[in-house]
Amino acid sequence: MLQTATNHNANQTDLAVQRCINPSCGASFESRSVRTSCDRCGDLLDIEYDWDRVAVPASLRGFEEAWSQRTNPVRFSGVWRFHELLPFAPLEQVITVGEGQTLLQKANHVARYVGMNSDQLYLQYEGMNPSGSFKDNGMCAAVTHANMMGAKRAACASTGNTSASLALYCSATQLMRAIIFVGSGKIAYGKLSQALDYGALTVQIAGDFDDAMIRVRQVAKELGIYLVNSVNPFRLEGQKTIMFRVLEALNWEVPDWIVVPGGNLGNSSSFGKAFMELKKLGLIDRIPRLAVINAGGADTLYELFERRGVRWNDGNVQMDPIIEYNDIMDRESIKADTIASAIEINRPVNLKKCLRALEWMNGVVRQVSDQEILDAKAKVGAGGFGCEPASAASVAGAKLLRREGLIAPSDRVVCVLTGHELKDPTATVAYHTTDQELFNKTLGSRGVSKASHANRAVAVPNELDDIIKAIQLYA
Ligand SMILES: *Cc1c(COP(=O)(O)O)cnc(C)c1O
Ligand SMILES: [Zn+2]
């Protein structure tokens, strides 16, 4: 089921380099090297290809040919069947566990809730990945690079899904040991249970995600452990394919809007890169608009982009407002706090790349409350296959943008549902419960006051007549 690295082939010249995203630096480094920032200026790195030497199909339809090769696990993969658009590793060296078999659902019940015309709202279910979240798209790419580099240990800090994904790739391939850092009490049980079950070394830091992130970077450097957080530029290459599959499902038509929850901002960053590259290669003629949705309790991007006017600005990002806001968060001890644990992040590592994606995709940022997130989540469940709380931020955000009139009812909108319904059953059960105490403890403490779309269990005595009466009353 998986392909492992062979020795470095001397005839194989790299098609890729790691390039600093800061245009006034522009330093480049070998793709076959391990780094998560620019040696010269410390900025983030991109993977850049020598497209003239890549055999990219003349049109996106050319990728349909990979379908006929699906008995080859590499072409079965929803990531690697687009290998020509992320060719940093030779095809014989890529690692797959069958990621990317996801669905784009036309969701008319949800469209009505959002205020869209029929047939115009689509949900991209990334929870259908092997570990239950979109993270597998990126993890297969990061693990491929780690393996090329001969890594025997890989680490990440995580709000849960990155660690579940890394742990799964390590258990399924047996190529390396997973070491995961989680904040204490800040991880949904579905996700923690995966990391434990898949045998990852699980380090629980007395702190939150932002603390765990700082520590894992220190430890990875100190011990020479391969880091797979989304500061890893190879991971973001894999995540581009989410957009390729959206286009594929729309018969290669470009939608009007992509709406995605924003946490560490890796996804939004990779979407911007994906569309920019497709445009440059002449494979699409226009780029959709991007909406990144923060949770109100973790809204750093919203604060910086919408309130303080911070822009990519051709790479000349004004750092003063960013430093100033970080100082405020320090001084006032502002900690991220939302039921949407996957986006409970206040210091997004990919901030600059996301600003760049917002510029390339003429994007906007919005924030939604936990109440709006959970109501939207209930609607996704009632009209589709369900999702975890963070994912529903995209639907709540689309509803808000519809209300503002920025999204028209006739636009074609794709909301990315990043994680599976079963990742966080606690939030779901608390929303639908009749137990007021459970509701208050789990959700009330987050400012959620009502569950307008709750589907409550009906309690009946153990009597046939009562049971029949109840069913006739409710269904
Ligand atoms: C990681 C994650 C996010 C946040 O994605 P970023 O790329 O960090 O912005 C959102 N939803 C789910 C379910 C996730 O696992
Ligand atoms: Zn640099």
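This is a short tour of one pocket, one cavity and three helix pairs, with a suggestion at each stop for what to select next. Keep in mind that the model is predicted.

**Stop 1: the largest pocket**

Start by selecting Arg 217, Arg 347, Pro 348, Val 349 and Leu 351, which are the closest to the centre of the largest pocket among the 23 residues that line it. The volume of this pocket comes to about 560 Å³.

Now colour the helices around it. α6 (209–223), α9 (300–307), α10 (320–331) and α11 (351–360) are the elements that give two or more residues to the lining. Which of them has the largest share of the lining? That would be α10, with 5 residues. If you colour the pocket lining by class, you should get 13 nonpolar, 5 polar and 5 charged residues.

**Stop 2: α9 against α11**

Stay with two of the pocket helices and hide the rest. The axes of α9 and α11 are 12 Å apart, and the two helices pack at an angle of about 50°. An angle like that makes α9 oblique to α11. As for handedness, the crossing of α9 past α11 is right-handed.

Turn on side chains for the contact: from α9 take Leu 301, Leu 304 and Phe 305, and from α11 take Leu 351, Cys 354, Leu 355 and Leu 358. How many nonpolar, polar and charged residues are in this contact? There are 7 nonpolar residues, with no polar and no charged ones. Leu 351 may look familiar, since it was also one of the residues closest to the pocket centre.

**Stop 3: the largest cavity**

Next, go inside. The structure holds 5 cavities of 30 Å³ or more, and the largest cavity has about 300 Å³ of space. To find it, select Phe 134, Lys 135, Gly 263, Asn 264 and Ala 342, which lie nearest its centre out of 29 lining residues.

For the surroundings, show β6 (153–158), α4 (161–173), α7 (233–249), β10 (257–261) and α8 (266–280), each of which supplies at least two lining residues. The most comes from α8, with 3 residues. Colouring this lining by class gives 10 nonpolar, 16 polar and 3 charged residues.

**Stop 4: α3 against α4**

Keep α4 on screen and add helix α3 (residues 135–148). Their axes come within 9 Å and cross at roughly 50°, so α3 and α4 are oblique to each other. This crossing, too, is right-handed, with α3 passing α4.

For the contact itself, select Lys 135, Asp 136, Met 139, Cys 140 and Val 143 on the α3 side, then Asn 161, Thr 162, Ser 165, Leu 166 and Tyr 169 on the α4 side. By class, that contact divides into 5 nonpolar, 3 polar and 2 charged residues. Lys 135 also turned up at the previous stop, as one of the residues nearest the centre of the largest cavity.

**Stop 5: α7 against α8**

Finish with the other two helices from the cavity lining. Are α7 and α8 oblique or roughly perpendicular to each other? They pack at an angle of about 65°, with their axes 8 Å apart. That makes α7 roughly perpendicular to α8, because angles from 65 to 115 degrees count that way. The crossing of α7 past α8 is right-handed.

There is a longish list to select here. On α7, pick Leu 236, Glu 237, Gln 239, Lys 240, Ile 242, Met 243, Phe 244 and Leu 247. These meet Gly 266, Asn 267, Ser 269, Ser 270, Phe 271, Lys 273, Ala 274, Phe 275, Glu 277 and Leu 278 on α8. Coloured by class, the contact has 9 nonpolar, 5 polar and 4 charged residues.

Methods:
Residues are numbered from 1 along each chain as its sequence is written. Chains are lettered from A and ligands numbered from 1 in the order in which they are written. This is a predicted model: local features need pLDDT of at least 70, side-chain atom pairs count only at pLDDT 80 or more; totals for chains, interfaces and linings use all residues. Side-chain values use heavy atoms; hydrogens and water are left out. On a 1 Å grid over the protein atoms alone, a cavity is a set of points where a 1.4 Å probe fits but cannot get out, and a pocket is an open set with protein on both sides within 12 Å along at least five of seven lines; lining residues have an atom within 4 Å of a point. Grid points are joined across faces, edges and corners, and a volume is the space filled by probe spheres set on the points. Helices (H or I, at least four residues) and strands (E, at least two) are DSSP runs, numbered from the N terminus. Ala, Val, Leu, Ile, Met, Phe, Trp, Tyr, Cys and Pro count as nonpolar, Asp, Glu, Lys and Arg as charged, and the others, Gly among them, as polar. Axes are lines fitted to C-alpha atoms, for helices over the stretch in contact, and angles run from 0 to 180 degrees between N-to-C directions. Angles under 35 degrees count as roughly parallel, over 145 as roughly antiparallel, 65 to 115 as roughly perpendicular and the rest as oblique. A crossing is left-handed if the near helix is turned anticlockwise from the far one by less than a right angle, and right-handed if clockwise. Contact means heavy atoms within 4.5 Å.
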